[in-house]
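Please take a look at the model below. The report that follows walks through its helix packing, its sheet and its annotated positions.

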Amino acid sequence: MAAGNGIVVVFDFDKTIIDVDSDNWVVDSLGLTEEFERLLPTMPWNTLMDTMMGELHARGRTLGDFAAALLAAPIDPRVPAAIRAAAALGCDLRVLSDANAFFIETVLEHHGLRGCFTEVNTNPSRVDAGGRLRIEPYHDFLRGAPHGCGVGTCPPNMCKGQVLDRILREAAAGGRKPRVIYLGDGRGDYCPALRLAREDFVMPRRGYPVWDLICEDPARVQAEVHPWADGAEMEATLLALVRRALVEDAAAAALLPLDCKLESSIPAAAQDGGMPIMPLGVKN
Ligand SMILES: [Mg+2]
């Protein structure tokens, strides 16, 4: 994997990388839809998925059954193509998902995509001594402190905005702040979208909950908004944004010495007036 072009691309998983929700897909594929819907009003989604794994284990279902279901989950062929192309261009790719590690790793490995991603940020999963898949919360709100996000659209087990902040702190530790392209569809993707800066990009799936939330009050999002509807549009939009960011960054790097000279020769009054020396990355 090439690396280090200064762009971090963050992908949601369900209905972004794959075209369905992996939790619903596994539950439906293994015949537990009714049970799932009956219990959904009584507990958080993440807790319910752990409960469903327990129920399936009690019925003799194995990890192999979950994997077989996951491998049949629909994925638009242009999405893996977009992921491979972005990785080949040197982007740092991350998954940020409210699914779980087993489901995501299984799908990424199957499609040969795992190596494209630096990191998968999601709810942890493990297999207990009895062979049952356990799904745990990313933020342990049951035993520890709640994540405390005030946006109001994050589930109790995961604030994607806080995870994004951590990813960006780590990515910026070696130098300048990376540019971010964030792709997602759900309510949980709204919080990270609000935390992006003016020079970043958010790619909400058109017609899905995060798109509706952004449209309710577009001024709350500082990043440029580039919606997409299907894999072909995702691929074209993502790669156009990556190429644009690379051109802009190269232009900015080329201008930098000139700007340094300009800055020292500009009268103080003009500098105080906020003269736009480098009008790159400005919102259209
Ligand atoms: Mg999603």
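## A helix pair, a sheet and two annotated clusters

Helix H1 passes helix H4 in a right-handed crossing, a term used when the near helix is turned clockwise from the far one by less than a right angle (anticlockwise would be left-handed). This is a predicted model, in which local features need pLDDT of at least 70 and side-chain atom pairs count only at pLDDT 80 or more, while totals for chains, interfaces and linings use all residues. Residues are numbered from 1 along each chain as its sequence is written.

Helices here are DSSP runs of H or I with at least four residues, strands are runs of E with at least two, and both are numbered from the N terminus. By that count the protein chain has 11 helices and 8 strands.

### The H1 and H4 pair

Two packed helices are described by the angle between their axes and the distance between the axes. For H1 and H4 (residues 63-71), the angle is about 115° and the axes are 9 Å apart. Axes are lines fitted to C-alpha atoms, for helices over the stretch in contact, and angles run from 0 to 180 degrees between N-to-C directions. Which residues bring the two helices together? On the H1 side, Ser22, Trp25, Val26 and Ser29 meet Phe66, Ala69 and Leu70 of H4. Contact means that the C-beta atoms of two residues, placed from the backbone, lie within 7 Å.

### The sheet

An open sheet is built from 6 strands, in the order S3-S2-S1-S6-S7-S8, with parallel pairing. Its edge strands are S3 (117-123) and S8 (224-225), each of which pairs on one side only. Helix H6 (residues 101-110) packs on this sheet and touches S2 (92-100) and S3; the direction of H6 makes about 135° with that of S2. Strands count as paired if DSSP finds at least two bridges between them. S1 (residues 7-11) and S6 (residues 179-184) are joined in the parallel sense by 5 bridges. Within that pairing, Val9 has Ile181 of S6 as its bridge partner.

### Helix H5

Which residues of H5 (residues 78-88) are buried? They are Val79, Ala82, Ile83, Ala86 and Ala87. Looking down the axis of H5, these buried residues fall within an arc of 130°, so they line one face of the helix; the arc is that of the directions from the helix axis to the C-beta atoms. A residue is called buried if 20 or more other C-beta atoms lie within 10 Å of its own, exposed if 12 or fewer do, and partly exposed in between, with C-beta atoms placed from the backbone. After H5 comes Gly90, with a positive phi near 100°.

### Annotated positions

UniProt, in an unreviewed entry, lists Asp12, Asp14 and Asp185 under "binding site". They span 174 residues in sequence, yet no two of their C-alpha atoms are more than 8.1 Å apart, so they gather at one spot. The "binding site" annotation of the unreviewed UniProt entry also covers Asp23 and Asp98. Those two are spread over 76 residues of sequence but cluster in space, with a largest C-alpha distance of 9.7 Å. UniProt positions use the numbering given here, feature names are shortened, and annotations may be inferred rather than shown by experiment.

Burial for four of the annotated residues is set out here.

| Residue | Other C-beta atoms within 10 Å | Class |
|---|---|---|
| Asp12 | 25 C-beta atoms | buried |
| Asp14 | 23 C-beta atoms | buried |
| Asp23 | 20 C-beta atoms | buried |
| Asp98 | 26 C-beta atoms | buried |

Asp12 sits in the loop between S1 and H1. Setting aside residues up to four places away in sequence, Asp12 touches several residues, among them Leu96, Ser97, Leu183 and Asp185. Asp14 belongs to the loop between S1 and H1, and beyond its neighbours within four places in sequence it contacts Asp21, Ser22, Ser97 and Ala99.

Asp23 is placed in H1 (residues 22-29) and touches Met49 and Ala99, not counting residues up to four places away in sequence. Asp98 lies in strand S2; leaving aside neighbours within four places in sequence, Asp98 is in contact with Asn123, Pro155, Met158 and Gly188.

One more residue in the loop between S1 and H1 deserves a look: Lys15. Most residues other than glycine have a negative phi. Lys15 is not a glycine, yet it has a positive phi of about 60°. With 18 C-beta neighbours inside 10 Å, Lys15 counts as partly exposed.
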